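I opened this entry to work out how the strands and helices of one chain are arranged. I wanted to go slowly, taking the sheet before the helices.

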Amino acid sequence: MRRITILVADDEVEIADLVALHLQKEGYYIIKASDGKAAMQAVQSQTIDLAILDIMMPEMDGYEVTRKIREQYHLPIIFLSAKTSDLDKITGLVMGADDYMTKPFNPMELVARVNSQLRRSLQFNQPAVMNKAVLELGGLVISPDQHKITLYGEDVELTPKEFDILYLLASHPKQVFSAESIFKQVWGETYYESGNTVMVHIRTLRKKLGEDTTKRKFIKTIWGVGYTFND
């Protein structure tokens, strides 16, 4: 069985070593990088199953590393950062991170979040998932086997979480999903402080689908209840 490889990118050696120590106890193989450029080189040269990134790194910050990763790969990304404001967290999630933890942190909580992201990621990449149907809805085409979205023939770039939310809603048109339900099904874990997380992803999805400039509304908010796909 192939070993699970995790990239830990942080210019603070003590933190990188601490994270690596706890993850190695779980049986994971760890690659460490002390700057963003080295982190990106690791992703491009080896099979990385999950990345833990600091934001404030030399050479290339965590946001830029995430942007470049998302251009080619669907691996889970967890930000581990000293930047603690809500805006920082929202920015990280919008950039394409799957989770965000602040320093100082509980190593065991980080391990739990890593395990959760890997369970979901490995399950998603099983062949059975590729049997999901292609959805064609009012000019919007969602191809789960290619993880690709087109809108009126034009490609739409979505993060993995944005894609999963859209596919969930679009494959159950008219069904209303609460933020809690979306989080549990897309993130695959217990709902925790996540109302804003789902809301931010929905807001970004709407923008990428052009809802801020056109009258076409693919995602409808049912106030006080949740969200539904408006076909």
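Before reading the sheet I needed a rule for pairing: two strands pair if DSSP finds at least two bridges between them. I also noted that the model I was looking at is a predicted one.

**Entry 1, the sheet.** With that rule in hand, I looked up the strand order and found five strands forming an open sheet in the order 2-1-3-4-5, with parallel pairing. I then asked myself which strands lie at the edges. They are strand 2, residues 29–33, and strand 5, residues 99–102, each of which pairs on one side only. On average, neighbouring strands of this sheet are turned by 20° against each other, if direction is ignored.

**Entry 2, one pair of strands.** I chose strand 3, residues 50–53, and strand 4, residues 77–81, and saw that they pair in the parallel sense over three bridges. Following Ala51 across to strand 4, I arrived at Ile77, its bridge partner.

**Entry 3, helices on the sheet.** Next I looked for what lies against these strands, and found that helix 3, residues 62–70, packs on the sheet and touches strand 3 and strand 4, its direction making about 175° with that of strand 4. Helix 2, residues 36–45, lies across strand 1 (5–9) and strand 2, and it runs at about 165° to strand 1.

**Entry 4, helix 2 against helix 3.** I reminded myself that two packed helices are described by the angle between their axes and the distance between the axes. For helix 2 and helix 3, the axes come within 9 Å and cross at roughly 20°. Angles under 35 degrees count as roughly parallel, and helix 2 and helix 3 are therefore roughly parallel to each other. Their crossing is right-handed. From helix 2 the contact uses Gly36, Ala39, Met40 and Val43, and from helix 3 it uses Val65, Lys68 and Ile69. Sorted by class, this contact has five nonpolar residues, one polar and one charged.

**Entry 5, helix 6 against helix 7.** Further along the chain, I asked at what angle helix 6 and helix 7 cross. The axes of helix 6 (residues 160–170) and helix 7 (residues 179–187) cross at roughly 120° and come within 10 Å, and the two helices are therefore oblique to each other. This crossing is right-handed. Helix 6 contributes Lys161, Asp164, Ile165, Leu168 and Leu169 to the contact, while helix 7 contributes Ile182, Gln185, Val186 and Trp187. By class I noted six nonpolar, one polar and two charged residues here.

Conventions: Residues numbered from 1 in each chain as written. Predicted model: local features only at pLDDT ≥ 70, side-chain atom pairs only at ≥ 80, totals over all residues. Heavy atoms only, no water. Axes fitted to C-alpha atoms, helices over the stretch in contact; angles between N-to-C directions. Parallel < 35°, antiparallel > 145°, perpendicular 65-115°, else oblique. Left-handed = near helix turned anticlockwise from the far one by under 90°. Contact = heavy atoms within 4.5 Å. Nonpolar A, V, L, I, M, F, W, Y, C, P; charged D, E, K, R; others polar.
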